[in-house]
Amino acid sequence: MKYYEFIFKYAPQTDIVDDLLMATLGEVGFDSFLPEEYPLKAYIPINLFDESALKDALENFPIEIESIDYSFTEAEDKDWNEEWEKNFFQPII
């Protein structure tokens, strides 16, 4: 499945804004996030992306913030489960 990789820059950058932004994005189809990084990286399947729904969701953000900007590109198409198992998975012994 092909994905878009979004980079979101926003101010202020707080835990509350991080959590609300990921919840808001989840409501419009985003299913993967890298929350420990700033700017926030978020991923959505190409076939689910609706830019007007995203813009509406950001315009109706649940709290007042200074700004939210984003850019996106098509993510590299590879087996992300395999990458995770190679780089992050630690078996329990």
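Me: In this predicted model, helices are DSSP runs of H or I with at least four residues, and strands are runs of E with at least two, numbered from the N terminus. What order of elements results along the chain?

Reply: Starting at the N terminus, the order is β-α-β-β-α-β-α. The count for the chain is 3 helices and 4 strands.

Me: What makes residues 51-59 a helix?

Reply: A helix requires a DSSP run of H or I of at least four residues. Residues 51-59 form such an element, helix H2, and Glu59 lies in it.

Me: Why is Glu59 called exposed?

Reply: The term applies to relative accessible area over 50%. Glu59 has 65% relative accessibility and therefore counts as exposed.

Me: Which residues form the negative surface patch, and what makes it negative?

Reply: The patch consists of Asp50, Glu51, Asp56 and Glu59. Asp and Glu count as negative, so the patch takes that sign. Membership requires over 30% relative accessible area and no salt bridge, with like charges joined within 9 Å. Glu59, at 65%, is therefore above the area cut-off.

Me: How many charged side chains of each sign does the chain hold?

Reply: There are 6 positive and 22 negative side chains, and 9 Å separates the centres of the two sets.

Me: What share of the chain counts as buried?

Reply: Buried means under 20% relative accessible area. Of the 93 residues, 29% count as buried. The accessible surface of the chain is about 6600 Å², and carbon and sulfur atoms account for 50% of that surface.

Technical notes
Residues numbered from 1 in each chain as written. Predicted model: local features only at pLDDT ≥ 70, side-chain atom pairs only at ≥ 80, totals over all residues. Heavy atoms only, no water. Patch = residues over 30% accessible without salt bridge, like charges linked within 9 Å, V, L, I, M, F, W, Y side chains within 5 Å. Areas by Shrake-Rupley, 256 points an atom, 1.4 Å probe, with all protein chains shown as cover. Salt bridge = Lys/Arg side-chain N within 4 Å of Asp/Glu carboxyl O. Charge placed at Lys NZ, Arg CZ, Asp CG, Glu CD. Buried < 20%, exposed > 50% of the residue type's maximum accessible area, 1.4 Å probe, protein only.
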